[in-house]
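Please find below my notes on this model, set out as numbered points for discussion. They concern aromatic contacts, a surface patch, a database annotation and some backbone details.

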Amino acid sequence: MNEFRKLTIKDVLKRKDEIYVKKSLETIKLIDDKINSFITINENANGIIPIAVKDNIVTKGLKTTCGSKLLENFVPSFDATVVKKLKKNNFAIVGKTNLDEFAMGTGTEFSAFFVTKNPWDNERVAGGSSGGSAAAVASGEVVAALGSDTGGSIRQPAAFCGVVGFKPTYGLVSRYGLVAFASSLDQIGPITKSSGDAAYIMNIISGKDENDSTTVEKNIDFESLLNENFSNISVAYPEEVFGEGIEEGIKIKFEEFIKFLEKKRIKVEKISFPELKYVVATYYIIAPAEVSSNLSRFDGIRYGNRIKSEGLLETYLKSRKQLGEEVIRRIMLGTFTLSAAYYDAYFEKAQKVRRLISNTINSFLEKYDFIISPTSPITAFKIGEVKDPLVYYMMDIFTIPANLAGLPAISIPFGFSNNLPVGMQIMGKRFDDAKVLGFANFIEKDVPIVFPWEAKK
């Protein structure tokens, strides 16, 4: 069983049969009650490569709940574009993974059904919002998984679980069939056991889609630079990375990461990025504003479980009360900032700051090949430990910039702090996705992934 749990996509492709799909389903049955990665398991999965899909990506004939009671029984009539592409390329959708409700959270603690547990320590979160996908890969239940990333929801759980999480350039992957959170920020991407596997999946799921007007026609071979030697390039890191709020253990690991790169003859320079302190505030004005619009359709009439009551207004109100506390908080924030009295003071200013942040990042990337940082300022926290929403929001400080600027970014495992995985983030220029994946692979050759069940021996 452990042999299957270590397999990559390339390993699975050596056998052209469904044996590994069966092994994946067996593994899920054996261990998922300890981890809670999956909301729905697909016993009838067909294909060769077992993959999990985050439960906010629609799947024909297979429940898509978004981790919400409001959509608890929703069975879509079509497949998302990414799901169609996976099925055409011998991927078997073995299940739908847990997430914070409507992808709003940092630990899957806001799922309406249950909390996903970290495979490294079952008392800790797996991260969010794609916590189920990251835990499913890290525990070896599947070879790979899809997640969605609006402010770090692929990269942060990947870092917490010690696997690879890749957010592509905005527009490279169709969002058709992804239940919208914040449409100008959302991107679908892979969570895998290697950057090579992430590149393989990107070659399949990327491309122009007539159903998503934000997709672009861009011919990229995501595997083209996997064997490239990246010595003698230059990377930068913001000096603000070492500021308030970052765990001491993360600081130490990041310093080790810098030294590791320098030993590989990579030039590492410190830069000043004072705008970093504004990224969380900017994001939590723009994203909730888009949420308040996108989630208006889930009212029990057009979509969602309807709770019938006397009169239309009462039916609306009771149906909407099925939404969780965090979702309601963000809808209210967004509704407030979009209101006529506050639009200019908040939303319009946030859009201007977003442009400023994007311009600053792009100016750095004109001089340097990549910008590096820790993926998260902390390691996985204990379930129930964080009570303050603002503490939750600040965990996204290093991942949000890539979403605001629409840039590719990857989280790769780089050792441990307090026996918990630490992730390092690499962010590159727009459409430099193959280069980001190639650089990650260059690093991985000296930092192989470690699996939870091996470390416990």
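**Notes on aromatic contacts and backbone details**

1. A single aromatic cluster is formed by Tyr237, Phe242, Phe254, Phe257, Phe260 and Phe414. The model is a predicted one, and this cluster should be read with that in mind. Across the structure there are 27 aromatic pairs, of which two that share Phe230 are described in the next points.

2. Phe230 and Phe370 make a tilted aromatic pair, with 6.4 Å from centre to centre and 55° between the planes. This pair links distant parts of the chain, since Phe230 belongs to the loop between helix 7 (195-205) and strand 9 (234-238), whereas Phe370 belongs to strand 11 (residues 370-374), and the two are 140 residues apart. How accessible are the two partners, and are Phe230 and Phe370 buried or exposed? Phe230 has a relative accessible area of 4% and therefore counts as buried, the cut-off being under 20%; for Phe370 the relative accessible area is 0%, so this residue is buried as well.

3. Phe230 also forms an aromatic pair with Phe442, again described as tilted, for which the centre-to-centre distance is 6.0 Å and the angle between the planes is 55°. Here too distant parts of the chain are linked, because Phe230 sits in the loop between helix 7 and strand 9 while Phe442 is in helix 15 (residues 433-444), with their positions 212 residues apart in the numbering. Both partners, Phe230 and Phe442, are buried.

4. Two rings carry a charged group over them. The charged end of Lys435 is placed over the ring of Phe370, at 5.7 Å from the ring centre, and Phe370 is thus the ring partner of Lys435 as well as the aromatic partner of Phe230. In the other case, the charged end of Arg5 sits over the ring of Trp453, 4.1 Å from its centre.

5. On the surface, Phe336, Tyr342 and Tyr346 form a nonpolar patch, and together they have about 270 Å² of accessible area. Tyr342 is located in the loop between helix 11 (325-338) and helix 12 (343-367). With a relative accessible area of 35%, Tyr342 is partly exposed, because this value falls between the limits of 20% and 50%.

6. The UniProt record, an unreviewed entry, places the feature "domain: Amidase" at residues 49-437. In the model, the end C-alpha atoms of this span lie 21 Å apart, and the span consists of 34% helix and 17% strand. The annotation itself is taken from the record, and I would ask that the text present it as such.

7. Which residues does the cis peptide bond join? It joins Gly128 and Ser129, with omega at about 5°, and Ser129 lies in the loop between strand 5 (121-125) and helix 5 (131-138).

8. Two residues that are not glycine have a positive phi, namely Phe102, at about 55°, and Asn419, near 65°. Phe102 is found in the loop between strand 3 (91-97) and strand 4 (117-118), and Asn419 in the loop between strand 12 (409-417) and strand 13 (420-427). Their surroundings contrast in accessibility: Phe102 counts as buried because its relative accessibility is 3%, under the 20% limit, whereas Asn419 counts as exposed because its relative accessibility is 67%, over the 50% limit.

How values were computed: Residues are numbered from 1 along each chain as its sequence is written. This is a predicted model: local features need pLDDT of at least 70, side-chain atom pairs count only at pLDDT 80 or more; totals for chains, interfaces and linings use all residues. Side-chain values use heavy atoms; hydrogens and water are left out. Rings of Phe, Tyr and Trp (its six-membered ring) pair if their centres lie within 6.5 Å; planes under 30 degrees apart count as stacked, over 60 as edge-to-face and the rest as tilted. Helices (H or I, at least four residues) and strands (E, at least two) are DSSP runs, numbered from the N terminus. Buried means under 20% relative accessible area, exposed over 50%, partly exposed in between (1.4 Å probe, protein chains only). A charge sits over a ring if NZ of Lys or CZ of Arg is within 6 Å of the ring centre and within 35 degrees of the ring normal. Patches are made of residues with over 30% relative accessible area and no salt bridge: like charges are joined within 9 Å, nonpolar side chains (Val, Leu, Ile, Met, Phe, Trp, Tyr) within 5 Å. Accessible areas come from the Shrake-Rupley method with a 1.4 Å probe; for residues, only the protein chains shown count as cover. A salt bridge is a side-chain nitrogen of Lys or Arg within 4 Å of a carboxyl oxygen of Asp or Glu. UniProt positions are given in the numbering used here, feature names are shortened, and annotations may be inferred rather than shown by experiment.
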